[in-house]
2 protein chains.
Amino acid sequence: MGRRQDLIDTALRLFYEHGIHAIGINQVLQESGVAKQTLYNHFESKDSLVEAAVEHRDKLFFQWLESRMNSRPAGREALMEMFDAVHDWFNNRVPTLHRFYGCFFINTCGEYSDPEHPVHKRCAAHKTRVFELLKRHALEICTSETEAEELANALFLLKEGAIVKAHVEGDLDAALKAKAIASRMISPH
Amino acid sequence: MGRRQDLIDTALRLFYEHGIHAIGINQVLQESGVAKQTLYNHFESKDSLVEAAVEHRDKLFFQWLESRMNSRPAGREALMEMFDAVHDWFNNRVPTLHRFYGCFFINTCGEYSDPEHPVHKRCAAHKTRVFELLKRHALEICTSETEAEELANALFLLKEGAIVKAHVEGDLDAALKAKAIASRMISPH
DNA sequence: CCTGAAGTAGACAAGTCGGTCTATTTTTAA
DNA sequence: TTAAAAATAGACCGACTTGTCTACTTCAGG
């Protein structure tokens, strides 16, 4: 597996559960069983490890979501599948993503508020990537670019809102409620 | 004003901008010009100051939002006003709420993931309070309790989504886009 | 004027922070 | 087999963490 990846995995798990500033480098080392010097051979600072963890989470999450959506026909069905996917995530049925503690990127931006900070930028890039994924599927069922953009935006907001509601209020059905709203928006009766 | 409130104001400002675990008690003391012993006369620990800060932000934010919505006729117009209000917030036109760094309660739950932690609970209570405010207005324009609940929920998700998009991606028009979607949902054409 | 409460400055404690360094052992490849 | 590379344990650094303690000052009310 490699020590570098051990460090990233452990750091991500701890950062995600407790927040980044609450976790010290020594705790990452202890729980990963890696020596301190080894960490500083692979990363030049804690911040650099943080960046790697965010990048890893981006890959992890995006690939999971994309493959879930690709398991259904492009367009409406794939977009609906997104809500089922995050519903599984909220209810801890996706081991790859660890236990659900809200969105790691939202949480991280709460600790790195400066939009010019590299960590914040990576979080923003992740969200933009997910948005583009939605838009790609929205284009399948919309008659214009702007209409697809608007639909993707609506679904995106519903999804982000559901993540927040699930985490802050502990509403484990938030994704299903969001799906019901989205469903009405896509196929107007 | 009172030293206690000075401490809460300063702590809230710093916590909101940088996150709670990134701010030390000494920085709060220095920027508020209060002596350390005075802090520990009013609060038994940092955590207790954190709770007070969250509680203060709850009052500050809720009273502001409620008064903005009350400035318009109950029901549809008040609900639309909510989006204009948060739009002003995103664009730093509400000095009371400080510069916009996302939602303090969402950010704070990112640092206190345990739903049983008193700080997390207070954040959840805030969100629930806002939801009830929306529901009260939704009842004005809905024909049933469940319909109102669903409308309030949809508007709530859109609002939370907009907060996230505005903060993480720096989309300063997120509130207006959410409003447009909400508008279509309230008065179906 | 005096007393008591409230606030101040700052030393101090015990521990943690990110990070460097050394010395040793393990692993890998030629 | 041997030499280089990688990883190890752990001491060490200065700065910072929350929180306590002491001694001094400010201020308000009777």
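**Exercise 1. Describe the backbone over residues 24-43 of chain A, and relate this segment to the annotation that covers it.**

Step 1. In this predicted model, residues 24-43 of chain A are 75% helix and 0% strand, and the C-alpha atoms at the two ends of the segment are 15 Å apart.

Step 2. The UniProt record, an unreviewed entry, assigns the annotation "DNA-binding region" to residues 24-43 of chain A, and the next two exercises turn to the DNA strands themselves.

**Exercise 2. Characterise the protein surface near DNA strand C, beginning with its residues and ending with individual atom pairs.**

Step 1. There are 16 residues around DNA strand C, and those that come nearest are A:I25, A:K36, A:Q37, A:K46 and B:T38. On the DNA side, 64% of the atoms of strand C that come within 4 Å of the protein belong to sugar and phosphate.

Step 2. Sorted by class, the residues of this surface near strand C comprise 5 nonpolar, 8 polar and 3 charged.

Step 3. Turning to atom pairs, a polar backbone atom of A:I25 lies 2.6 Å from a phosphate oxygen of DNA strand C, and for a polar backbone atom of A:K46 the corresponding distance to a phosphate oxygen of that strand is 2.7 Å. Chain B takes part as well, since a backbone N or O atom of B:A35 is 3.1 Å from a phosphate oxygen of DNA strand C. The elements giving two or more residues to this surface are α2 (25-32) and α3 of chain A, together with α3 of chain B.

**Exercise 3. Carry out the analysis for DNA strand D, and state which atoms of the strand are approached by A:G33, A:T38 and B:Q37.**

Step 1. Around DNA strand D there are 16 residues, of which A:T38, B:I25, B:N26, B:K36 and B:K46 come nearest. At least two residues of the surface near strand D are supplied by each of α3 (36-42) of chain A, α2 (25-32) of chain B and α3 (36-42) of chain B.

Step 2. The class count for this surface near strand D is 5 nonpolar, 8 polar and 3 charged residues. Among the atoms of strand D within 4 Å of the protein, 61% belong to sugar or phosphate, while the rest belong to bases.

Step 3. Phosphate oxygens of strand D are approached by a backbone N or O atom of A:G33, at 3.5 Å, and by an N or O atom in the side chain of A:T38, at 2.9 Å. For B:Q37, by contrast, the partner is a base nitrogen of strand D, which lies 2.9 Å from an N or O atom in the side chain of this residue.

**Exercise 4. Determine how chain A and chain B meet, considering extent, polar pairs and contributing elements.**

Step 1. The contact takes 37 residues from chain A and 37 residues from chain B, and the two chains bury about 3000 Å² between them, with 66% of that area on carbon and sulfur atoms. A:L157, A:V168 and A:E169 supply 19% of the area that chain A buries against chain B, more than any other three residues.

Step 2. Across this interface there are 2 salt bridges, including one between the side chains of B:E150 and A:R184, with an N to O distance of 3.8 Å. There are also 8 residue pairs in polar contact across the interface of chain A and chain B.

Step 3. On the side of chain A that touches chain B, two or more residues come from each of α1 (3-18), α6 (104-111), α7 (118-141), α8 (145-168) and α9 (174-186) of chain A. The greatest contribution is that of α8(A), with 13 residues, and by class this side of chain A has 17 nonpolar, 11 polar and 9 charged residues.

Definitions and conventions. Residues numbered from 1 in each chain as written. Chains lettered and ligands numbered in written order. Predicted model: local features only at pLDDT ≥ 70, side-chain atom pairs only at ≥ 80, totals over all residues. Heavy atoms only, no water. Near = heavy atom within 4 Å. Polar contact = N/O pair within 3.5 Å; in protein donor to acceptor, adjacent residues only side chain to side chain. Helix = DSSP H or I, 4+ residues; strand = E, 2+ residues; numbered from the N terminus. Nonpolar A, V, L, I, M, F, W, Y, C, P; charged D, E, K, R; others polar. Contact = heavy atoms within 4.5 Å. Buried area = accessible area lost by both parts, 1.4 Å probe. Salt bridge = Lys/Arg side-chain N within 4 Å of Asp/Glu carboxyl O. UniProt positions renumbered as here; feature names shortened; annotations may be inferred.
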